[in-house]
Amino acid sequence: MSKAKILLQFDTDAHPSAFDSIVAIDGGVDNLLTYHGITPHNVTELVHGAIFTRSPDDLWRTAIFVGGSDVAAAEAVLEQIRHTFFGPLRVSVMLDPGGANTTAAAAVLAALRHVPPKGATATVLGGTGPVGQRCARLLAREGATVRVCSRSIGRAEAVCSGLKSRDVDAQVSAHSTRTPQETRAALEGSQIVIAAGAAGVELLDEATRRECTDLKVAIDLNAVPPAGIAGIEVVDRAAERDGLIYYGAIGVGNTKMRIHKNALQLLFEMNDRIMDAEELFELGRGV
Amino acid sequence: MSKAKILLQFDTDAHPSAFDSIVAIDGGVDNLLTYHGITPHNVTELVHGAIFTRSPDDLWRTAIFVGGSDVAAAEAVLEQIRHTFFGPLRVSVMLDPGGANTTAAAAVLAALRHVPPKGATATVLGGTGPVGQRCARLLAREGATVRVCSRSIGRAEAVCSGLKSRDVDAQVSAHSTRTPQETRAALEGSQIVIAAGAAGVELLDEATRRECTDLKVAIDLNAVPPAGIAGIEVVDRAAERDGLIYYGAIGVGNTKMRIHKNALQLLFEMNDRIMDAEELFELGRGV
Amino acid sequence: MSKAKILLQFDTDAHPSAFDSIVAIDGGVDNLLTYHGITPHNVTELVHGAIFTRSPDDLWRTAIFVGGSDVAAAEAVLEQIRHTFFGPLRVSVMLDPGGANTTAAAAVLAALRHVPPKGATATVLGGTGPVGQRCARLLAREGATVRVCSRSIGRAEAVCSGLKSRDVDAQVSAHSTRTPQETRAALEGSQIVIAAGAAGVELLDEATRRECTDLKVAIDLNAVPPAGIAGIEVVDRAAERDGLIYYGAIGVGNTKMRIHKNALQLLFEMNDRIMDAEELFELGRGV
């Protein structure tokens with residue numbers, strides 16, 4: 001008899017995400033073990049439990065999901081998990097804190113359906129948040145020129161430095177967007193705009209958007225009104241209006257969910273996958 | 001394929017109630033997700049996880065149970081859950097902190113099997129505790145005249161004020177029961193007595209009970225000796241002795257458990273039920 | 001329909017052991033309820049939940065596992081669990097904090113396969129740790145003369161006092177092993193040596209071991225290099241070298257895991273088993 005598929009859900013928050021738990025169940029996990037308050041300090045013993053219990057031949061039926069609202073905290077946990085693995089004693093791991101990786105993968109895939117990345121310019125509003133950073137990273141990796149925008153130019157520059165330290169050839173630049181004029185300048189010549197800011201904040205108003213005549217696709221990831229980009233409906237999915245192609249949060253969310261569930265399948269096909277933004281993006285091409 | 005029935009067990013205590021978890025499993029829940037230390041402040045994100053994950057058409061297969069030893073804390077959590085729902089994005093919820101709702105429903109149903117509520121007088125000893133308050137509320141709603149008893153007349157009056165603020169026509173009055181004489185007076189003319197006090201405290205002694213010649217049914221909800229009403233056995237279930245009909249905690253417990261399990265079934269029939277004391281009482285009429 | 005097999009995993013640590021959870025799932029438990037931070041103070045309510053929910057006739061389908069890294073804390077929890085049970089209202093309980101009981105049972109069983117206990121002398125290095133104490137207890141119970149070793153003679157004497165207070169006839173003595181000379185003396189005339197010390201510490205070097213010509217079997221329970229006994233490989237399982245029979249941690253681990261899984265089966269055969277070191281050792285004879 002084949003062993004049960006066990007997923008260990010490591011969450012850095014005070015409660016394990018109910019969203020991640022329900023997707024895991026609907027994604028076919030047989031047994032879900034949830035853990036809250038996970039840190040690099042306390043994860044080692046749990047990883048030992050995951051890798052020392054079943055025989056190495058059965059470890060492909062055990063996997064780890066790392067989540068939580070703090071992307072940096074989740075990345076530090078993933079790093080410690082990698083350090084704890086050795087030889088064949090490892091299991092597959094998916095990293096998706098707050099849905100940042102699957103959301104960014106789905107958003108960038110949507111954009112690139114309409115604008116080929118090579119030679120394109122993409123502006124990411126709210127580009128220093130967890131989802132925004134992931135969008136910029138994926139767009140740059142595909143060869144687009146990426147403008148990382150923030151009300152704080154310092155934070156935007158820090159994100160760009162981080163991206164260049166991962167990939168010296170990344171075409172990224174930092175832009176301040178404290179005023180409509182600055183936002184207008186950051187969008188000059190862009191074919192793609194993705195808004196990944198905080199809930200309830202409009203980052204691009206109607207008048208400014210109309211002035212950006214190079215824009216071909218506009219994607220807003222905010223599920224709670226008002227939209228981050230004026231004129232986008234939450235359910236837009238390649239909707240054409242005003243000469244633009246629109247995606248709203250729910251329109252992107254369907255793809256995001258398919259990526260998440262397919263990734264769960266792949267976690268249980270072998271025992272040594274690490275699924276971060278890039279792997280989830282590649283997976284998304286096929287779904 | 002039909003989606004798995006997922007129950008989110010929100011508990012206000014430091015550990016999720018094992019009792020509630022086991023009843024959920026035996027009641028047919030496919031996947032149980034348990035959460036401890038739940039407050040109105042931290043529940044919102046978990047409710048979002050419950051309502052944003054599955055499509056609205058599938059939300060009838062997700063439900064929430066709110067428990068814990070503190071009824072007021074659980075009620076505040078339920079209130080916040082209701083505020084978080086919007087439009088079709090909602091799931092059914094059952095409230096039964098410390099079993100107070102199902103226990104009170106079963107106790108009042110037992111009493112009313114023998115004494116019709118209209119025109120009857122019911123005395124609730126320990127009437128300011130979680131179960132006692134629920135008993136008084138259900139009895140008053142059925143049209144009985146209810147005497148809420150406590151060693152503290154102030155607490156009893158506060159409970160009566162609360163009941164009248166819910167239902168201006170409720171026939172309720174507060175009674176002090178610090179001495180056998182006061183208890184005797186509080187029982188004068190009552191056909192029903194329910195003891196819902198703390199474990200290990202006798203609220204009605206043998207001699208006083210014999211003097212209350214109007215009594216027809218006596219119900220004690222204390223599972224740990226001594227009984228709250230002298231002469232009741234924990235397993236009594238409509239037992240007739242001394243010209244009285246007796247119910248003990250286990251005798252009532254069978255009905256309570258059936259109500260609890262039937263309620264779990266109903267939670268998964270639609271996505272917008274709220275099951276508080278009254279709904280569980282109505283459900284109990286049929287089990 | 002038979003009721004689901006529910007295991008309540010009570011862990012004294014801040015997170016329930018993933019190891020224990022995975023073994024429980026692979027051992028056939030239908031529903032696993034995990035609890036962290038368990039103490040004698042907070043366990044009573046959870047035990048009530050376990051014994052009051054299902055009818056007494058069904059309680060053999062509910063069981064408790066007590067784990068955690070602190071053996072004394074877990075023993076105190078078990079004691080409180082026993083006190084909470086009454087009459088037929090009880091469920092079976094397995095105690096295996098940090099795997100101490102199953103590991104010690106497997107190690108002693110391995111040793112006694114090669115050396116009959118009566119008349120034998122066994123030296124336990126690292127004899128004051130959780131596994132070491134359990135090994136000494138089981139060896140003494142089988143009739144061996146046992147030498148409990150520690151760098152601290154005081155701690156070793158305390159362990160011996162504890163063993164004699166359990167069994168006045170136990171043949172146990174305390175030995176200091178701060179130097180190779182002391183270790184050599186503690187091994188003089190021993191046929192069995194078990195190393196149960198902390199990870200990463202060599203307790204018996206190659207030269208000293210070669211001088212102990214009475215030794216027949218050497219068992220090391222350290223899974224992380226270096227071995228506690230020089231020359232033992234972690235996968236040794238009755239390996240013969242240098243005229244000695246060797247067992248390493250993985251060699252012992254297979255038996256340990258079989259004992260753990262068989263014990264889980266037995267927990268669900270009746271509702272009144274308590275499985276501590278001795279019961280697990282007896283169980284191990286048959287696996």
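How many of the five residues of strand β5 (residues 121-125) of chain C are buried? Keep that in mind while you set up the viewer.

This is a predicted model, where local features need pLDDT of at least 70, side-chain atom pairs count only at pLDDT 80 or more, and totals for chains, interfaces and linings use all residues. Residues are numbered from 1 along each chain as its sequence is written, chains are lettered from A and ligands numbered from 1 in the order in which they are written, and side-chain values use heavy atoms, with hydrogens and water left out.

**Stop 1: β5 in chain C**

Select residues 121-125 of chain C. Five of the five residues in β5(C) are buried, so the strand is mostly covered (buried means under 20% relative accessible area, exposed over 50%, partly exposed in between, with a 1.4 Å probe and protein chains only). Strands here are DSSP runs of E with at least two residues, helices are runs of H or I with at least four, and both are numbered from the N terminus. Now show side chains: C:Thr121, C:Thr123 and C:Leu125 point one way, while C:Ala122 and C:Val124 point the other way. In a regular strand the side chains alternate between the two faces of the sheet.

Add residues 145-150 of chain C, which is strand β6(C). β5(C) and β6(C) run parallel and are joined by four bridges (strands pair if DSSP finds at least two bridges between them). For one spot to centre on, C:Thr121 stands opposite C:Thr145.

**Stop 2: the seven-stranded sheet of chain A**

Hop to chain A and colour its open sheet, whose seven strands come in the order β7-β6-β5-β8-β9-β11-β10 with mixed pairing. The edges belong to β7 (172-176) and β10 (237-241); each has a single partner strand, so one side of each is left without a neighbour in the sheet. Direction ignored, neighbouring strands are turned by 20° against each other on average (axes are lines fitted to C-alpha atoms, for helices over the stretch in contact, and angles run from 0 to 180 degrees between N-to-C directions).

Zoom in on the β7 edge. β6(A), residues 145-150, pairs with β7(A) in the parallel sense over five bridges, and A:Ser150 has A:Ser176 as its bridge partner.

Then select residues 180-187 of chain A. This is helix α7(A), lying across β5 (121-125), β6, β7 and β8 (192-195) and running at about 165° to β6(A).

Next, pick β9(A), residues 217-220. A:Val217 and A:Ile219 go one way, A:Ala218 and A:Asp220 go the other, and all are buried. β9(A) runs parallel to β8(A), with four bridges between them; A:Asp220 is the bridge partner of A:Ala195.

**Stop 3: helix α6 in chain B**

Where do the buried residues of α6(B) pack? Select residues 153-166 of chain B. At 1.5 Å a residue, the 14 residues of the helix should span 20 Å, and the end C-alpha atoms are indeed 20 Å apart (the expected span is 1.5 Å times one less than the number of residues). Show B:Ala156, B:Val159, B:Cys160 and B:Leu163, which are buried. They cover an arc of only 100° around the axis, which puts them on the same side of α6(B) (the arc is that of the directions from the helix axis to the C-beta atoms). The buried residues pack against α5 (130-141), β6 (145-150) and β7 (172-176) of chain B (contact means heavy atoms within 4.5 Å).

**Stop 4: B:Tyr35 and the five-stranded sheet**

Centre on B:Tyr35, in strand β2(B), residues 31-35. At 2% relative accessibility, B:Tyr35 counts as buried. Leaving out residues up to four places away in sequence, B:Tyr35 has contacts in two chains, including A:His15, A:Pro16, B:Phe10 and B:Leu46.

Zoom out to the open sheet of chain B with the order β2-β1-β3-β4-β12, where the pairing is parallel. At its edges stand β2 and β12 (274-275), each with a single partner strand, so one side of each is left without a neighbour in the sheet. Two bridges join β4(B), residues 92-95, to β12(B), with B:Val93 partnered by B:Ile274.

**Stop 5: a positive phi**

Select B:Asp242, in the loop between β10 (237-241) and β11 (244-247) of chain B. B:Asp242 is not a glycine, yet its phi is positive at about 55°. At 48% relative accessibility, B:Asp242 counts as partly exposed.
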